[in-house]
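Please look through the sequence and the structure shown below, with attention to how the helices pack, to the backbone of two loops and to one pocket.

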Amino acid sequence: MVFKESYDVIVVGGGPAGLLAARTAAEGGVSVLLLEKDREIGVPVRCAEGVGVKGLKEFMEPDDRWIANRIDGVRFIAPDGTVVPVYSQELGYILNRKVFDYELARQAAARGVRILTKAFVNGLIRENGWVKGVTVLYDGREQMIGAQVVIGADGVESRAGRWAGLRTMTTPRNMEICAQMTLAHSAIDQRFCDFFFGKKVAPGGYVWIFPKGERLANVGIGIRGDYVKNRSPLSYLNEFVEKRFPGAAILTMVAGGVPIDKPVKRMVTNGFMLAGDAAHQSNPMSGGGIINAMEAGRLAGQVAARAIREENVSQKRLEEYELEWDELSGKDHRRFYRLKE
């Protein structure tokens, strides 16, 4: 038997939201199982990897092992080529997400979280309107595992939320379709994150250059979903890279989606919670989501542990999470959404 028959909390998804939810719930004295479908925590990296120092320090002290580069500021580049430097007192980091996520997982495991990779959650156990656990395919066998609370942190493509009866879908207008390369080139300025705007460069979005040190950078593009039918993001990105970094060595390439929507109307139901991109909690203006996900995960873990200790995991009890998240980030999120529009 690979698993216990039940845990207090099961977290679906091993990104920053899921790892913080698992770690925090375990710190609250409950048993936690985290299930990640990929073979390894932190892989693949579908992220530009940028964070602000101040936001990161709310959760952990920076460590050179998972910091790829330190950033002095950002520059906005207008369609006519005008460069607008933006400086602030807050510095930024470009992370090595593979190492960073691994450290989050190590911390969660040190607090008693059981973590399993290559564990494919393919359904929820539901009884009379309550989520009671998950079904998981692991090592060629399907098993049922009970839980008092399931936390869906399975990203923008979240199936767990839909299985729980929550409306997690969004429109093409509220989704950025993204492609990113990690490339090497001598012309990369390591001091700044650059953002390029304009319909000819990235309609309904922008191109980013996030330098990672040693001549490396994450160079990516996000295009609003309703523009993709005319031309693919990768086509725009290839054109940009060929023009700005001719002859660059392309080391990796990834693609994915980022919700730039208002948060889902309901994030909880009986025995179930959503966190991170699964709940559309990424910044709708920039698409940034690492710190947002960690904030949401921590709140979800705290509320889940308290509700379990009180022996009440009803939707009404778990709505404390929605209220706390709204107080912490909801006002800013709605303002950023209006600015995006």
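The paragraphs that follow take up helix packing, then backbone geometry, then the pocket.

The model is a predicted one, and its local features are reported where pLDDT is at least 70. Two packed helices are described by the angle between their axes and the distance between the axes, and that pair of values is the starting point for each of the contacts below.

A convenient place to begin is helix α1, residues 16-27, which packs against helix α6, residues 290-309, at an angle of about 30° and with the axes 7 Å apart. Because angles under 35 degrees count as roughly parallel, α1 and α6 are therefore described as roughly parallel to each other, and the crossing in which α1 passes α6 is right-handed. On the α1 side the contact is made by Pro16, Ala17, Leu20, Ala21, Thr24 and Ala25, while α6 contributes a list that includes Ile290, Ala293, Met294, Gly297 and Arg298. By class, the contact of α1 with α6 has 9 nonpolar, 4 polar and 1 charged residues.

Helix α1 also packs against helix α3, residues 97-110, where the two axes come within 8 Å and cross at roughly 20°. That angle makes α1 roughly parallel to α3, and the crossing of this pair is left-handed. Here α1 uses Pro16, Leu19, Leu20 and Arg23, which meet Arg97, Asp101, Leu104, Ala105, Gln107 and Ala108 of α3. The classes in the contact of α1 with α3 are 6 nonpolar, 1 polar and 3 charged residues. Pro16 and Leu20 of α1 thus appear in the contact with α6 and again in the contact with α3.

Returning to α6, one finds a further partner in helix α7, residues 315-340, at an angle of about 150° and with the axes 9 Å apart. This makes α6 roughly antiparallel to α7, and α6 passes α7 in a right-handed crossing. The residues of α6 in this contact are Glu295, Ala296, Leu299, Ala300, Val303, Arg306 and Ala307, and those of α7 include Arg317, Leu318, Tyr321, Trp325 and Leu328. By class, the contact of α6 with α7 has 9 nonpolar, 1 polar and 5 charged residues.

The backbone can be considered next. Most residues other than glycine have a negative phi, and most peptide bonds are trans. Against that background, the peptide bond from Val43 to Pro44 is cis, with omega near -5°, and Pro44 is found in the loop between β2 (32-35) and β3 (50-52). Arg215, although not a glycine, has a positive phi of about 70°, and this residue is found in the loop between β14 (206-213) and β15 (216-224).

Finally, which residues are closest to the centre of the second largest pocket? This pocket holds about 460 Å³ of space, and of the 18 residues that line the pocket, the closest to its centre are Lys262, Pro263, Val264, Lys265 and Arg266. The lining of the second largest pocket divides into 7 nonpolar, 3 polar and 8 charged residues.

Terms used: Residues numbered from 1 in each chain as written. Predicted model: local features only at pLDDT ≥ 70, side-chain atom pairs only at ≥ 80, totals over all residues. Heavy atoms only, no water. 1 Å grid on protein atoms, 1.4 Å probe; cavity = no way out; pocket = protein on both sides within 12 Å on 5 of 7 lines; lining within 4 Å. Points joined across faces, edges and corners; volume = space filled by probe spheres on them. Nonpolar A, V, L, I, M, F, W, Y, C, P; charged D, E, K, R; others polar. Axes fitted to C-alpha atoms, helices over the stretch in contact; angles between N-to-C directions. Helix = DSSP H or I, 4+ residues; strand = E, 2+ residues; numbered from the N terminus. Parallel < 35°, antiparallel > 145°, perpendicular 65-115°, else oblique. Left-handed = near helix turned anticlockwise from the far one by under 90°. Contact = heavy atoms within 4.5 Å.
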